[in-house]
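Colleague: Got a minute to go through this model with me? I'd like to ask about it piece by piece.

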Amino acid sequence: KKIRLKKPRLLVRSIALAIMTWFCFQQIVNFDGFFTHDHIVWGNRVIAVIFLVRAFGNFTYIGFTKTIRKSTFANIDTYLISPLCLIIAICAFFNTF
């Protein structure tokens, strides 16, 4: 019987999140792992850029610059998700020094 993946985007996002978590974990714990120090620094910078872009949004539905603001998701995004993404971006950026 074939295994059919119902939501491949979810798998890709999960793998990307696991890699981001590994970069941050290896930077904090500072042990010799699969990635070198340069990989960890650049990985954290990429994470910072990804979350910074997410915090500012796509000018329509998500981020601080969204134009559609009259929904439950928009309120949650404004007061919880976008500030959290901004904090993660700042922490990941300062984690590279």
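Colleague: How many aromatic pairs do you count?

Modeller: Keep in mind that this is a predicted model. Ring centres have to lie within 6.5 Å to pair. By that rule the count of aromatic pairs comes to two.

Colleague: What kind of pair do phenylalanine 56 and phenylalanine 64 make?

Modeller: Their ring centres are 6.4 Å apart, and the cut-off is 6.5 Å. Planes over 60 degrees apart count as edge-to-face. The planes of phenylalanine 56 and phenylalanine 64 are at 70°, so the pair is edge-to-face.

Colleague: And are those two rings' residues buried, partly exposed or exposed?

Modeller: The band between 20% and 50% relative accessible area is the one to check. Phenylalanine 56 comes in at 43%, and phenylalanine 64 has 33%. Phenylalanine 56 therefore counts as partly exposed, and phenylalanine 64 is also partly exposed.

Colleague: What about phenylalanine 93 and phenylalanine 94: which kind of pair are they?

Modeller: Here the ring centres are 5.5 Å apart. As for accessibility, phenylalanine 93 is partly exposed at 37%, whereas phenylalanine 94 counts as exposed at 54%. The planes sit at 70°, so this pair is edge-to-face.

Colleague: The charged end of arginine 45 sits over a ring; which one?

Modeller: For that, CZ of Arg has to be within 6 Å of the ring centre. The charged end of arginine 45 is 4.7 Å from the centre, and the ring belongs to tryptophan 42.

Colleague: Which element gives the largest share of the largest nonpolar core?

Modeller: In soluble globular proteins, nonpolar side chains tend to be buried together. Here the largest nonpolar core has 10 residues, including Met20, Phe51 and Ala89. The elements giving two or more residues to this core are α1 (8-29), α2 (37-56) and α3. The largest share, five residues, comes from α2.

Colleague: Staying with alanine 89, which residues is it in contact with, leaving aside neighbours within four places in sequence?

Modeller: Alanine 89 is itself one of the core residues. Two of its contacts, Ala48 and Phe51, are on the core list too. With the sequence neighbours left aside, the contacts of alanine 89 are Ala48, Phe51 and Leu52.

Colleague: Aspartate 77 caught my eye. Is it buried or exposed?

Modeller: Aspartate 77 lies in helix α3. The limit for buried is under 20% relative accessible area. At 0%, aspartate 77 counts as buried.

Colleague: So which side chain does the side chain of aspartate 77 make a polar contact with?

Modeller: One thing it reaches is backbone: the nitrogen of glycine 63, at 2.8 Å. The side-chain partner is at 2.6 Å, and it also appears among the contacts of aspartate 77, along with Tyr61 and Lys66. That partner is arginine 54.

Colleague: How far apart in space are asparagine 95 and isoleucine 28?

Modeller: Asparagine 95 is in the segment after α3 (72-94), and is partly exposed at 22%. Beyond its neighbours within four places in sequence, asparagine 95 is in contact with Gln27 and Asn44. Asparagine 95 and isoleucine 28 are 67 residues apart in sequence, and their C-alpha to C-alpha distance is 8.3 Å.

Colleague: Last one: what is the radius of gyration, and why call the protein more spread out than a compact globule?

Modeller: The protein has three helices and zero strands, and its C-alpha trace spans about 50 × 50 × 15 Å along the principal axes. The globule rule gives 13 Å for 97 residues, and the protein is well over that, so it is more spread out than a compact globule. Its radius of gyration is 16 Å.

Terms used:
Residues are numbered from 1 along each chain as its sequence is written. This is a predicted model: local features need pLDDT of at least 70, side-chain atom pairs count only at pLDDT 80 or more; totals for chains, interfaces and linings use all residues. Side-chain values use heavy atoms; hydrogens and water are left out. Helices (H or I, at least four residues) and strands (E, at least two) are DSSP runs, numbered from the N terminus. Buried means under 20% relative accessible area, exposed over 50%, partly exposed in between (1.4 Å probe, protein chains only). Contact means heavy atoms within 4.5 Å. Rings of Phe, Tyr and Trp (its six-membered ring) pair if their centres lie within 6.5 Å; planes under 30 degrees apart count as stacked, over 60 as edge-to-face and the rest as tilted. A charge sits over a ring if NZ of Lys or CZ of Arg is within 6 Å of the ring centre and within 35 degrees of the ring normal. A nonpolar core is a set of buried Ala, Val, Leu, Ile, Met, Phe, Trp, Tyr and Cys residues joined through side-chain atoms within 4.5 Å. A polar contact is a pair of N or O atoms within 3.5 Å; within protein, one must be able to donate a hydrogen and the other to accept it, and residues adjacent in sequence count only if both atoms are side-chain atoms. The radius of gyration is taken over C-alpha atoms; the globule rule is 2.2 Å times the number of residues to the power 0.38.
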